[in-house]
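Visitor: Could you take me through this model? I would like to begin with its helices.

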Amino acid sequence: EDEFQSVLCEGCQKESPNLKLLTCLHTLCLNCLSENKPIGQCPVCQTAIPQASNTPGVDNKLFTNLQARLSTYKKIVNEADLFCDNCKKEAEFWCGDCEEFVCTKCFEAHQRYLKKDNHEAKRVAVIRTGSVSHFLESTRKANNFFCSNVAHKNETLSIYCKKCCKAMCCVCTLLDSKHAGQHCDISLEIQQRQDKLAALSQDLKEKRSSFESAHEALQSKAALLEQVRSKTRQQIRQCVEELVQLLRREEEELLTVVEKRWEQGCRVLAGELQYLDNVLQRMEAGKRLVQKMQLYGTDQEVMDMQPFIKASLEELQRLKEPLASSLAQPNRHFAECQAWLQAL
């Protein structure tokens, strides 16, 4: 399953017969390419997708062929109903060269007529017991592509022209007199290309280590950033909690001072009110006494009491009512608290 997943479209993770290999070396199907064309980026690594043509990249024939071979392997391993591609009977063999299932009877004919071509048909039961890697290696085809010239289309492309960078059959090579001396065996060219890719891969392996080091360094910084963030958040919460506790203590002290100032103000106001109440009571008593004296007092009583009453009334007249500014001011009692609160 892992092998099969590795050759799917890396965008939608689906099987597709039209896979394109981009310059970033990621493989996408045509649908994913069309979806990401307005964005202009590979959905896997965000590398810019060339917009010079409608279908950027090259056909990923490797992945397309691997998908077909892996599908065949999955059919065999899952013990699906396998039928001969010739007579539709139950298949017992698989020929990787023909890419066909064959029954026992057709296998005999297959071996008889294709023996010279070295076709190797294997039993399905044997394939089931092997690994997927072994199956893929055994079904890998060698030099089996043929010349495109219709005059000798059955000729195998076995020669490579270094001048025109083209694979040729033996007949084309004999006719290619202008590039004489520029030809080599195609298997040698293939091996050289494999070696070149292996060398580049080895160079990239060394370069990859430096990128991995940079990646690890960035991950360490990201982890450190997270640690600093967590520590700072904890410090903020702790500091705020301490401030809240400090404010609560200040609140209690302020409320205590407010209560004291309120009690002091109440006592002062009570004294002033009591004084005014007493004066008003004295005035009310003098008023009643004068009225009673006028209504009911005898001459003897007036003569005896008038000087005393007169002196008391004159004393009341000499009293001055307190001005509003001289009375107790509530705001003055709490001025200290207001200043404290403002400073806090």
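Visitor: What span should the 111 residues of α8 have at 1.5 Å a residue?

Guide: The expected span of α8 is 165 Å, taken as 1.5 Å times one less than its number of residues. The end C-alpha atoms of α8 are 154 Å apart, which agrees. Helices here are DSSP runs of H or I with at least four residues, and strands are runs of E with at least two, numbered from the N terminus. The model is predicted: local features need pLDDT of at least 70, side-chain atom pairs count only at pLDDT 80 or more, and totals for chains, interfaces and linings use all residues. Residues are numbered from 1 along each chain as its sequence is written, and side-chain values use heavy atoms, leaving out hydrogens and water.

Visitor: Which residues of α8 are buried?

Guide: Among them are I186, E189, E250, L254 and R261. Buried means under 20% relative accessible area, exposed over 50%, and partly exposed in between (1.4 Å probe, protein chains only).

Visitor: And V244, where is its place?

Guide: V244 lies in helix α8, which covers residues 186–296. V244 is partly exposed, with a relative accessible area of 34%.

Visitor: Changing topic, how many helices and strands does the chain have?

Guide: The chain has 11 helices and 9 strands. Its radius of gyration is 54 Å, well over the 20 Å from the globule rule for 344 residues, so the chain is more spread out than a compact globule. That radius is taken over C-alpha atoms, and the rule is 2.2 Å times the number of residues to the power 0.38.

Visitor: What box do the C-alpha atoms fill?

Guide: Along the principal axes, the box is roughly 170 × 50 × 35 Å.
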